[in-house]
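Please examine the sequence and the three-dimensional structure shown below. The paragraphs that follow lead from one residue to the whole chain and back to a second residue.

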Amino acid sequence: MAGASLLMLLDDIAAILDDVAAMSKIAARKTAGVLGDDLALNAQQVSGVASERELPVVWAVAKGSFFNKLILVPAALLISAFIPWAITPLLMFGGLFLCFEGFEKVHHSYVHRKDKQAEITEKQVIEKSAQDIADFEKKKVKGAIRTDFVLSAEIIAISLGVVAESSLLSQFLTLSVIAIIMTLGVYGLVAGIVKIDDLGLYLTQRKGEGHIVALWHKMGFWLLASAPYLMKGLTIVGTIAMFMVGGGILTHGIHAIGSQIALIASLMSELAYVGGFLAAITPSILNAVFGIVAGALAVIVMNMIAIIKG
């Protein structure tokens, strides 16, 4: 009898794990878009630090991301069980925060470009003292973890929608699997991106003769030359992703606007030749535009509050 009970227990566990694996695959596909934005955002968030400090900073942000998900997974399950209506407003608040941060970054960059006397690069700032370096890194890590929290919340919310009809145990296991895999995947890739220049330097210094070594050298020089442009591109893409993700969360929560965007995309799809392409990119563009407007309004409101308090 005991043996039969043990076999039944093992069979139940195997069935749960099989369900978790299947639902994790579905959730991973649904969150792939957010994962790409998460990658771009975090890669540009940790850029600008000294080369020898890049991996420690990425590791610090990764630990913060794990802590975010340690909070978000049980919080999502509790909210889903007791106050499911609160998920959308909370996500919208996070989306508005992303738009606010994105517009504030663009505004700050524009103001400092106009003020020639204030044109001090981040590298020059962190060269002043060890304390400056520590403060700069803390600011970078704090900002990256804050941004990660919003993106992680969206990933968890999307994943929760996939497993909404499953048992509590299956929900918990699926969300945990997604959280771990996404964090390892994103920050593993971020670590690889920020160390591209070091890889290029290593390849250029390889010793030997022959076509293979010459190929390594050429690849190394190409990586060294392209690394600054890649990081600059990621900074731009990361900022755009803030507006796209934040605006997308807001338009999804405001049904009237979301339905209008869907209608416009549907009309675009009817155009000859380029209809499919335009239908695919139109929602992202409109979400980004809405995110820019929302971010601008949020910055104006926060500045007005600061003036009133000051």
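**A helix with two settings**

In this predicted model, I300 has its place in helix α11, which covers residues 275-309. Is I300 buried, partly exposed or exposed? The relative accessibility of I300 is 46%. Because buried means under 20% and exposed means over 50%, with partly exposed in between, I300 counts as partly exposed. I300 also contributes to a nonpolar patch on the surface, together with I285, V289, V293, L297 and M304. The area of this patch is about 550 Å².

The wider setting may now be considered. The protein chain contains eleven helices and zero strands, and its pattern along the sequence is accordingly written α-α-α-α-α-α-α-α-α-α-α. The chain has 310 residues, of which 36% count as buried. It exposes about 18400 Å², and 71% of that area is supplied by carbon and sulfur atoms. Among the contacts in the chain with a separation of 6 or more, 79% are between residues 24 or more positions apart.

A second residue of the helix deserves attention. A279 lies in helix α11, and its relative accessible area is 18%. Since buried means under 20%, A279 is counted as buried. Which residues is A279 in contact with, once its neighbours within four places in sequence are left aside? They are A265, M268 and S269. In addition, the C-alpha atom of A279 is separated by 7.8 Å from that of L267, a residue twelve places away along the chain.

Helix α11 thus holds both A279, which is buried, and I300, which is partly exposed.

Terms used: Residues numbered from 1 in each chain as written. Predicted model: local features only at pLDDT ≥ 70, side-chain atom pairs only at ≥ 80, totals over all residues. Heavy atoms only, no water. Patch = residues over 30% accessible without salt bridge, like charges linked within 9 Å, V, L, I, M, F, W, Y side chains within 5 Å. Areas by Shrake-Rupley, 256 points an atom, 1.4 Å probe, with all protein chains shown as cover. Salt bridge = Lys/Arg side-chain N within 4 Å of Asp/Glu carboxyl O. Helix = DSSP H or I, 4+ residues; strand = E, 2+ residues; numbered from the N terminus. Buried < 20%, exposed > 50% of the residue type's maximum accessible area, 1.4 Å probe, protein only. Contact = heavy atoms within 4.5 Å.
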